[in-house]
Amino acid sequence: MERRQVAWVETVDERDAAGNVAAAYARVAGPDGRVENLYKAMSLTPAVIGPADDHYRALLHDPSSPLAPWLSELLATYVAILCGSRYARVNHGRNFAVCFGDHKQSERILEALTQGKLETAGLEADALEALAFTRKLSLAPQTVCREDVERLRAAGFDDTAVSYIAQIAASFAYWARITLALGIVLDEGIEPTGSAS
């Protein structure tokens, strides 16, 4: 059976994994034993896979996060849109839609972000401020200043929430750039939600 290419670099399939790669895959595999293409593309550096997944889960899936799960996923998706990563945009756009709970409205929000029209997204002021901060950190990180943090505080975010917002934006710049740099293709069976960037 011919194997589908999942990235521009050499990858190790789950069926061929051994040693450190097999151990890393066991740590990140889904319930069906499948490993996402993202992690297959990192198979030549298996020591990175587990810590990278832990970092991602700590930011987006830690129940102690002060951010609503839909907002965390929306910020991650917005970084993917800004960076032009279809892989991250589709995956996290789907997660955002599930967490948000209103499929049609989530599509409208993602479309507004894709078109660069935050003001038409129909979101509350606090979410818009978090998105504006995320945009600035993603596209012009050298211009971020104390006043940007003060605006987040004024929008109602405490310093823990500010830290989460900054870390999600920074972390997803990494993920988006990895998907672009290695040419990682979407996993089979994943369909886009809303407009693809």
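Contact here means that heavy atoms lie within 4.5 Å. In this predicted model, the buried residues of helix H1 pack in that sense against helix H2 (37–40) and helix H3 (46–60). The points below treat helix H1, then a cluster of aromatic rings that involves helices H2 and H9, then the crossing of helices H4 and H7, and lastly three individual residues, Leu74 and Trp70 in H4 and Leu137 in H7.

**Helix H1 and its two sides**

- Helix H1 spans residues 19–28, and its buried residues are Val21, Ala24, Tyr25 and Val28; because these four cover an arc of only 100 degrees around the axis, they sit on the same side of H1.
- An α-helix has 3.6 residues a turn, so residues three or four places apart point the same way.
- The other side of H1 carries Gly19 and Ala26, both of which are exposed, whereas the buried residues of the helix are those that pack against H2 and H3.

**Aromatic pairs**

- Counting rings as paired if their centres lie within 6.5 Å, the model holds six aromatic pairs.
- One of them joins Tyr39 and Trp175 in an edge-to-face arrangement, with 6.3 Å from centre to centre and 90 degrees between the planes.
- Since Tyr39 belongs to helix H2 and Trp175 to helix H9 (residues 159–182), this pair ties together parts of the chain that are 136 residues apart in sequence.
- Both partners fall under the 20% limit for burial: Tyr39 counts as buried because its relative accessibility is 4%, and Trp175 counts as buried because its relative accessibility is 5%.
- Trp175 also pairs with Tyr174, again edge-to-face, at 5.0 Å centre to centre and with 65 degrees between the planes.
- Tyr174, with a relative accessibility of 36%, counts as partly exposed, and ring pairs link Tyr39, Tyr174 and Trp175 into a cluster.

**The crossing of H4 and H7**

- Two packed helices are described by the angle between their axes and the distance between the axes.
- For helix H4 (residues 69–83) and helix H7 (residues 125–139), the axes come within 10 Å and cross at roughly 35 degrees, and the crossing is right-handed.
- On the H4 side the contact is made by Trp70, Leu71, Leu74, Leu75, Tyr78, Val79 and Leu82, which meet Ala127, Ala130, Leu131, Thr134, Arg135, Ser138 and Leu139 of H7.
- Sorted by class, this contact of H4 with H7 comprises 11 nonpolar, two polar and one charged residues.

**Leu74 and Trp70 in helix H4**

- Leu74, which lies in H4, is buried, with a relative accessible area of 0%.
- When residues up to four places away in sequence are not counted, Leu74 touches Phe96, Ile109, Leu110, Leu113, Leu123 and Leu131; Leu131 is also among the H7 residues listed in the contact with H4.
- Leu74 and Gly93 are 19 residues apart in sequence, and their C-alpha atoms are 7.1 Å apart in space.
- Trp70 likewise lies in H4, but is partly exposed, with a relative accessible area of 24%.
- Neighbours within four places in sequence aside, Trp70 is in contact with Phe96, Cys99, Phe100, Leu123 and Ala127, while its C-alpha atom is separated by 12 Å from that of Ile109, which is 39 residues away along the chain.

**Leu137 in helix H7**

- Leu137 lies in H7 and is partly exposed, with a relative accessible area of 21%.
- Not counting residues up to four places away in sequence, Leu137 touches Val144, Ala166, Ala169 and Ala170.
- Of these contacts, Ala169 is 32 residues from Leu137 in sequence, and the two are 7.0 Å apart from C-alpha to C-alpha.

Methods: Residues are numbered from 1 along each chain as its sequence is written. This is a predicted model: local features need pLDDT of at least 70, side-chain atom pairs count only at pLDDT 80 or more; totals for chains, interfaces and linings use all residues. Side-chain values use heavy atoms; hydrogens and water are left out. Buried means under 20% relative accessible area, exposed over 50%, partly exposed in between (1.4 Å probe, protein chains only). The arc is that of the directions from the helix axis to the C-beta atoms. Rings of Phe, Tyr and Trp (its six-membered ring) pair if their centres lie within 6.5 Å; planes under 30 degrees apart count as stacked, over 60 as edge-to-face and the rest as tilted. Axes are lines fitted to C-alpha atoms, for helices over the stretch in contact, and angles run from 0 to 180 degrees between N-to-C directions. A crossing is left-handed if the near helix is turned anticlockwise from the far one by less than a right angle, and right-handed if clockwise. Ala, Val, Leu, Ile, Met, Phe, Trp, Tyr, Cys and Pro count as nonpolar, Asp, Glu, Lys and Arg as charged, and the others, Gly among them, as polar.
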